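Let's get to know a protein model together through a few short exercises. Have a look at the structure first, then work through the steps at your own pace.

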Amino acid sequence: MKRAVNIEDLRRRARSRLPRVVFDYLDGAAEDEITLTANRRGFQSIQLVPRILGGGTADLSTQILGHRYAAPFLIGPTGLNGIYWPQGDLHLARAAADAGVGFALSTASNMSMEAISAQVDGPKWFQLYPWGKPDFSKSLLDRARAAGYSALIITLDSLVGGKRERDLRHGFSHEIRMSAPVVLDGLMHPGWLASVWLGRSRPRFENLVAFLGDGASDKELADFTRSQRNPHFSWEDVRRIRRQWDGPLLIKGVMCAEDALRARQEGADGVIISNHGGRQLDGAPATISVLEEIAGCLDDGATVLLDGGIRRGSDVVKALALGAQGVLLGRATLYGLAAGGYDGVARALSMLADEMQRTMIFTGCGSTDDLGPHNIARPCRERDRASPERE
Ligand SMILES: Cc1cc2nc3c(=O)[nH]c(=O)nc-3n(C[C@H](O)[C@H](O)[C@H](O)COP(=O)(O)O)c2cc1C
């Protein structure tokens, strides 16, 4: 991990360690990948107001859903983490706990929720996909509660899968099928091949084994997830889950004020503004571009989190300044995992914390509570309109 100084360095290492089919699953997005690019451009187009002599330290700690975290970012839910590094979910969860930040486990994880909670003490959330019939989600929720997951995320931007063309070209759909190019590519990445592919067992959807039985193969479980997609999932199902889950509940995939208000009406404690990292609707706007409007329409009690394109500590500062209480990391920590297992994830988290701290000091903010719209550089005329006393 020496010499990796930013998330892009970790991405380059991930690309060289992983076979193309695996890297493209991690890195890719839907169709022309316009939204993937938009998420980054959205952050890059926002400028911060530098302030001088605002103090030389900054406290990154933040309260989210009643828990104080060391920094306002958490590792968001991602499926198939075991295809980058053996026990990938565990490394992500441990690195998050060691850094004092949150972790959310996906329905589609490669380690079961019980195995993670038995080995990691830090606060953990569980992410549920809108799959299956009511008894499918009920059984997962009962297990998540029993295993000590404190909050629930329902991801609602995935009634159908996005058209991820890199995956389609490789013939990749939730499990790696052996073909001549894939075998050849694997042989050219011996580190990955030895650890993940020839390791103790193939990564499979461990949370779902209970539905098929212990002997289920990775392929049978992948077929099962595809068969469980439920395009009829509706707000009525959200109400049902709200009744079944007594802890905090967040709706992930919200991109407009109407859906945010509806989520709140249906009893959600808050929303995660997300376009799934550009992996679902290509052409959706950058998440950061819709944040101010969504945060502005919700009541003070609502939790507002955001993800999509976070690669710099300054991105986190911008999101908080525009109304988010925290952000979720997707690819940033996955690049770290794929580059170097636990050490790579820990490195990604410490890079982001270090960059965030510098940015806060440069913007004169001693704590996350100090962040607000005044940190965002806007054209002078707009600023004049916002502060009439200057006229
Ligand atoms: C490889 C990969 C797998 C993902 N799997 C899930 C998942 O299982 N559940 C979910 O809610 N979101 C999933 N996401 C979306 C992330 O939670 C998050 O919304 C997105 O990665 C944020 O964008 P970023 O990667 O640019 O930071 C996945 C994203 C990636 C890149």
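Below are three exercises, each followed by a worked solution.

This is a predicted model, in which local features need pLDDT of at least 70 and side-chain atom pairs count only at pLDDT 80 or more, while totals for chains, interfaces and linings use all residues. Residues are numbered from 1 along each chain as its sequence is written, and side-chain values use heavy atoms, with hydrogens and water left out.

**Exercise 1.** Find which residues the UniProt annotation "binding site" covers, and which of these residues the lining of the largest cavity includes.

*Solution.* Start with the record: the unreviewed UniProt entry places "binding site" on Tyr25, Tyr129, Arg164, His276 and Arg279. Such annotations may be inferred rather than shown by experiment; the positions follow the numbering used here, and feature names are shortened. Next, check the cavity lining: Tyr25, Tyr129, Arg164, His276 and Arg279 are included in the lining of the largest cavity. (A cavity is a set of points on a 1 Å grid over the protein atoms alone where a 1.4 Å probe fits but cannot get out; lining residues have an atom within 4 Å of a point.)

**Exercise 2.** Work out whether tyrosine 129 is buried or exposed, then do likewise for histidine 276.

*Solution.* First, locate them. Tyrosine 129 sits in the loop between β6 (124–128) and α6 (134–146), and histidine 276 in the loop between β9 (270–273) and α14 (287–297). (Helices, H or I of at least four residues, and strands, E of at least two, are DSSP runs numbered from the N terminus.) Second, apply the cut-offs: buried means under 20% relative accessible area, exposed over 50% and partly exposed in between, with a 1.4 Å probe and protein chains only. Tyrosine 129 has 16%, so it is buried; histidine 276 has 14%, so it is buried. Third, look at contacts (heavy atoms within 4.5 Å). Leaving aside neighbours within four places in sequence, tyrosine 129 contacts Ser106, Thr107, Thr155, Ser158 and His276. With that sequence limit, the partners of histidine 276 include Tyr129, Asp157 and Lys252.

**Exercise 3.** Say where proline 231 lies, and how many Å separate its C-alpha atom from that of valine 160.

*Solution.* Proline 231 belongs to the loop between α11 (218–228) and α12 (235–244). Its relative accessible area is 49%, so proline 231 is partly exposed. Finally, the C-alpha atoms of proline 231 and valine 160 are 6.6 Å apart, although 71 residues separate them along the chain.

How values were computed. 1 Å grid on protein atoms, 1.4 Å probe; cavity = no way out; pocket = protein on both sides within 12 Å on 5 of 7 lines; lining within 4 Å.
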